[in-house]
Structure formats: C-alpha cells, structure tokens
Amino acid sequence: MPAEPGERADSLAAAVTEVSEKLGLLVREEIELAKTEMSQKVSILARGAAAIAIGAVFGVFALVFVLLTIAWGLNVIIGSFWWGFAIVMILLVALTIAAFLFAWRKLKAGPPTPTLAIDEAKKISATVKSGVED
C-alpha cells in the first residue's frame, strides 16, 4: 500500500533530521580528532624543546672550557696572548651566524597543522557530495 503524502513528508523530515544529527556528530568527531592530533604534535615539540634546552646548558659549559683550551693553546703556539683569543672569537662569531641561519630556515616552516584530520574531512566531504549527486 503506497504511503500517504503526509507520511512521506514525515519520513523525509525524519531522514533529514537523522542525517543532520549524524553530520553534526561527524563534525564534532573530526574536531576532536584535530584537537587530539594537535595536542600530540605540541607534546612532541615540547619534549624536543626541553631536550634541546638541557643539552644546550651542558653544551655551553663544555664549550667554554673547549674554547679556553683552544685559545690558550693558540697563544702558546703563536707566542701572543691576544691572537689566540681573537682567532677563537672570530670562529665563534662565524658559528653563531651559521647557527642562526640554520634555525631561521627550520623555523620559517610555520606551526604544525592537523593533516590527518584535514585529509579525513576532505574524504568525508567528497563522500557526502557524491551521495547527494546520486
């Protein structure tokens, strides 16, 4: 027995409501996925930054002694108190410039993005669009 026009409208409204609810749930889950992905990436970056900071502290102390040893050794070889320290200073300035240029190249890439969530959202969008067109 064919459905009455009122019954078809009710079932269509129920279907639209259900699709709307499912779409809302899907959007909320995608937002949650993006949040989770970003928190994981930020956590990894924070741990890496902490390791760099700890290594840098120890490295600075070690580097001071290495540079003093080199400067005093050059002073003994050259026979002049100031030339050894001048050579070490020029070397330090050159290394500082190189390090800042390296860091600038690496940091200009920008903040992390939730690539998995974006890809998933694109797939869902394509699926929804192809389902509407059918």
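**Stop 1: Glu-30**

Select Glu-30 in this predicted model. Glu-30 sits in helix H1. Glu-30 is buried, yet it has no salt bridge. Which side chain of opposite charge is nearest to Glu-30? Lys-123 is, at 10.0 Å. A salt bridge needs a nitrogen-to-oxygen distance within 4 Å, so Lys-123 does not qualify as a partner for Glu-30.

Now show what surrounds Glu-30. Leave aside the neighbours within four places in sequence. The contacts of Glu-30 are then Ala-117, Glu-120, Ala-121 and Ile-124.

**Stop 2: Lys-41 and Glu-37**

How many salt bridges does the structure hold? It holds one. To see a salt bridge, select Lys-41 and Glu-37. Their side chains meet at 3.6 Å, N to O.

Look at the spacing along the chain. Lys-41 and Glu-37 are four residues apart in helix H1, so about one helical turn separates them.

Are the two partners buried or exposed? Lys-41 is partly exposed, at 26% relative accessibility. Glu-37 is buried, at 6%. The cut-off for buried is under 20%, which means Glu-37 falls below it and Lys-41 does not.

**Stop 3: Ala-50**

Move along to Ala-50, which also lies in helix H1. Ala-50 counts as partly exposed, with 39% relative accessibility. Now add Phe-85 to the selection and draw a distance between the two C-alpha atoms. Ala-50 and Phe-85 are 32 Å apart in space. Along the sequence, 35 residues separate them.

**Stop 4: Gly-84**

Select Gly-84, in helix H2. Gly-84 is buried, at 0% relative accessibility. Which residues does Gly-84 touch, apart from neighbours within four places in sequence? The contacts are Ala-71, Leu-74 and Asn-75.

Take Ala-71 from that list. The C-alpha atoms of Gly-84 and Ala-71 are separated by 4.6 Å. Along the chain, these two residues are 13 apart.

**Stop 5: Phe-81 and Phe-85**

Turn to the rings. The structure holds four aromatic pairs. One of them joins Phe-81 and Phe-85. Their ring centres are 5.3 Å apart, and the planes meet at 55 degrees. How is this pair classed? It is tilted. The class follows because planes over 60 degrees apart would count as edge-to-face, and those under 30 as stacked.

Both residues belong to helix H2, which spans residues 81-107. They are four residues apart, so about one helical turn lies between them. Both are partly exposed: Phe-81 has a relative accessible area of 39%, and Phe-85 has 24%.

**Stop 6: the ring cluster**

Keep Phe-81 and Phe-85 selected. Add Trp-72 and Trp-82. Ring pairs link these four residues into a cluster. Click on Trp-72, whose place is in helix H1. Trp-72 is partly exposed, with a relative accessible area of 45%.

**Stop 7: the nonpolar patch**

Switch to a surface view. Select Val-60, Val-64, Phe-65, Leu-68, Trp-72, Phe-81 and Trp-82. Together they make a nonpolar surface patch of about 780 Å². Two elements give two or more residues to this patch: helix H1, residues 5-78, and helix H2. Which element gives the most? H1 does, with five residues.

Notice who appears again. Trp-72, Phe-81 and Trp-82 are among the patch residues, and they are also members of the ring cluster. Phe-85 belongs to the cluster, but it is not listed in the patch. Patch residues need over 30% relative accessible area, so Phe-85, at 24%, does not meet the cut-off.

Methods
Residues numbered from 1 in each chain as written. Predicted model: local features only at pLDDT ≥ 70, side-chain atom pairs only at ≥ 80, totals over all residues. Heavy atoms only, no water. Phe/Tyr/Trp six-rings, centres within 6.5 Å; stacked < 30°, edge-to-face > 60°. Buried < 20%, exposed > 50% of the residue type's maximum accessible area, 1.4 Å probe, protein only. Patch = residues over 30% accessible without salt bridge, like charges linked within 9 Å, V, L, I, M, F, W, Y side chains within 5 Å. Areas by Shrake-Rupley, 256 points an atom, 1.4 Å probe, with all protein chains shown as cover. Lys, Arg positive; Asp, Glu negative; His and termini not counted. Contact = heavy atoms within 4.5 Å.
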